[in-house]
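Biologist: Could you take me through this model and set each descriptive word against its cut-off?

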Amino acid sequence: MERIKYEHLKNLILRNRDLAEPINDLACYLPMSYDDDNIIIKVPYEPMVCPDCEGKGTELQGGLKGLAFTQTDIELDPEFIQDMCSGRYDVACKSCKGSKIFKYSPKIDHLTDEALEELFLVFTKLDDDRRDAEAEAYYESRGEY
Ligand SMILES: [Zn+2]
């Protein structure tokens, strides 16, 4: 598999890592079929820099996470924004518990090209489904659906 496609696959799997079924702390199952979830492949875990905090070990505390601030907000309360940027409202990252390392990244570099292509198809479809569901939930929450 081409390097760029392989990297894309790694990202797809990470983004949808709740679809990986843990066996123990060392390995997990990945789905190998879109229609039949009995077709799975067992792969070991490998540690990686935490994708959620990007290796910072911290994240903004619950209520502030994902909020977008406008220019007006920033002008109204510049101190708050400054505090936030300097980490005053940070808590330990939930995914890595502050260790900066995410231990449960499925390791796929030993798989055959055929298996990687199969995983690519499955995870592309599953990722599309997820995006569709998220978009639907978003429009529903705004009463536009
Ligand atoms: Zn983290």
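Modeller: In this predicted model, helix α1 (residues 3-15) packs against helix α4 (residues 113-141) at an angle of about 50°, and their axes lie 9 Å apart. Helices here are DSSP runs of H or I with at least four residues, strands are runs of E with at least two, and both are numbered from the N terminus. The axes are lines fitted to C-alpha atoms, for helices over the stretch in contact, with angles running from 0 to 180 degrees between N-to-C directions.

Biologist: What makes α1 oblique to α4?

Modeller: Angles under 35 degrees count as roughly parallel, over 145 as roughly antiparallel, 65 to 115 as roughly perpendicular and the rest as oblique. The angle is about 50°, and therefore α1 is oblique to α4.

Biologist: Which residues make the contact?

Modeller: From α1 come Lys5, Tyr6, Leu9, Leu12, Ile13 and Arg15, and from α4 come Leu116, Leu119, Phe120, Phe123, Thr124 and Asp127, where contact requires C-beta atoms, placed from the backbone, within 7 Å. By class, the contact of α1 with α4 has eight nonpolar, one polar and three charged residues; Ala, Val, Leu, Ile, Met, Phe, Trp, Tyr, Cys and Pro count as nonpolar, Asp, Glu, Lys and Arg as charged, and the others, Gly among them, as polar.

Biologist: Why is Thr72 called exposed?

Modeller: A residue is exposed if 12 or fewer other C-beta atoms lie within 10 Å of its own, buried if 20 or more do, and partly exposed in between, with C-beta atoms placed from the backbone. Thr72 has 8 other C-beta atoms within 10 Å, and is therefore exposed. Thr72 belongs to helix α2 (residues 71-76), and its C-alpha lies 24 Å from that of Glu59, although the two are 13 residues apart in sequence.

Biologist: How do you know that helix α3 is hardly covered?

Modeller: Among the eight residues of α3 (residues 78-85), the count of buried residues is zero. Just after α3, Gly87 takes a positive phi of about 95°. Over the protein, 12% of the 145 residues count as buried.

Biologist: How does the radius of gyration compare with that of a compact globule?

Modeller: A compact globule of 145 residues would have a value near 15 Å, whereas the protein has 19 Å; the radius is taken over C-alpha atoms, and the globule rule is 2.2 Å times the number of residues to the power 0.38.

Biologist: Which conventions apply?

Modeller: Residues are numbered from 1 along each chain as its sequence is written. Since the model is predicted, local features need pLDDT of at least 70 and side-chain atom pairs count only at pLDDT 80 or more, while totals for chains, interfaces and linings use all residues.

Methods:
Two residues are in contact if their C-beta atoms, placed from the backbone, lie within 7 Å.
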